[in-house]
Amino acid sequence: YPSTIIPRLHVLSHKVLPHGLNELNLLTEVKIDDYAKVKFDLINLLLPIVGDEKLCEIILMNLISGIYMRKDLELLGKLTVNLVKGNQYVKVTKKNGDVINHRLADVLFRLIKKLVPASLRLDVDLKGLQNVSLQPKKNHDLNCIDKGLLQMASHTSLLLDETNLSSGVLGETGVKNVNALKHLIDNQAIQCDFSYYEVFFVIPNLTS
């Protein structure tokens, strides 16, 4: 693709900064003795939004989870969480004291976005499944792969918002997108559409 579509970034030098999800992207170093306090603070941060302490712990475990081994068809370390009633409204107090009602899914994603290095939210609805390509697809004319929305970096926290999903008929693109989401959740891998066949790409340490 030309540089007008995809800008080029020339790197003279780079340094990989140690962060990792086990520290939840905290900007300051945390000693082992302080992890209990950090966990307590994070639960208190989520508790007014989620409303259940056990559920807060499950969400935190999801954020720090990662696949450490693929054994046959089993993914050891994967933890996928499914939350119900994501469209209910919760009261959020702003800094000036004003109380505003927000959807649980919106507030939860804003919190997750501040806690992890990389996050992505996909609004799963009938129109989006029909019109958006989630899978990467081989472009045989340009001999390259067109990017799909499910192409994510390692350690990406994925939030699928299904609260606006309604009944209807899915076309060919919608069926492919649903199958791609199912395969992603089950196998932590994305399907690349090569028109005549499909190739699977493994996503390391994806949390959803």
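Me: Which residues make the nonpolar surface patch of about 300 Å²?
Reply: Ile58, Met61, Ile64 and Leu79 make that patch. Keep in mind that the model is predicted.

Me: Where is Met61 found?
Reply: Met61 sits in helix α2, residues 53-64.

Me: Why is Met61 called partly exposed?
Reply: Its relative accessible area is 44%. Buried means under 20% and exposed means over 50%. The value for Met61 lies in between, so Met61 is partly exposed.

Me: What makes Met61 eligible for a patch by its accessible area?
Reply: Patch residues need over 30% relative accessible area. Met61 has 44%, so Met61 passes that cut-off.

Me: How do you know that the span of α2 agrees with its number of residues?
Reply: Take 1.5 Å times one less than the number of residues. For the twelve residues of α2 that gives 16 Å. The end C-alpha atoms of α2 are 17 Å apart, which agrees.

Me: Which residues of α2 are buried?
Reply: Cys56, Ile59, Leu60, Asn62 and Leu63 are buried.

Me: What puts these buried residues on the same side of α2?
Reply: They cover an arc of only 155° around the axis, so they share one side of α2.

Me: What covers the buried residues of α2?
Reply: The cover includes α1 (35-50), α3 (104-115) and β8 (156-161).

Me: What is the setting in the whole chain?
Reply: The secondary structure comes to five helices and ten strands. Of the 208 residues, 30% are buried. The accessible surface is about 14200 Å², and carbon and sulfur atoms hold 56% of that surface.

How values were computed: Residues are numbered from 1 along each chain as its sequence is written. This is a predicted model: local features need pLDDT of at least 70, side-chain atom pairs count only at pLDDT 80 or more; totals for chains, interfaces and linings use all residues. Side-chain values use heavy atoms; hydrogens and water are left out. Patches are made of residues with over 30% relative accessible area and no salt bridge: like charges are joined within 9 Å, nonpolar side chains (Val, Leu, Ile, Met, Phe, Trp, Tyr) within 5 Å. Accessible areas come from the Shrake-Rupley method with a 1.4 Å probe; for residues, only the protein chains shown count as cover. A salt bridge is a side-chain nitrogen of Lys or Arg within 4 Å of a carboxyl oxygen of Asp or Glu. Helices (H or I, at least four residues) and strands (E, at least two) are DSSP runs, numbered from the N terminus. Buried means under 20% relative accessible area, exposed over 50%, partly exposed in between (1.4 Å probe, protein chains only). The arc is that of the directions from the helix axis to the C-beta atoms. Contact means heavy atoms within 4.5 Å.
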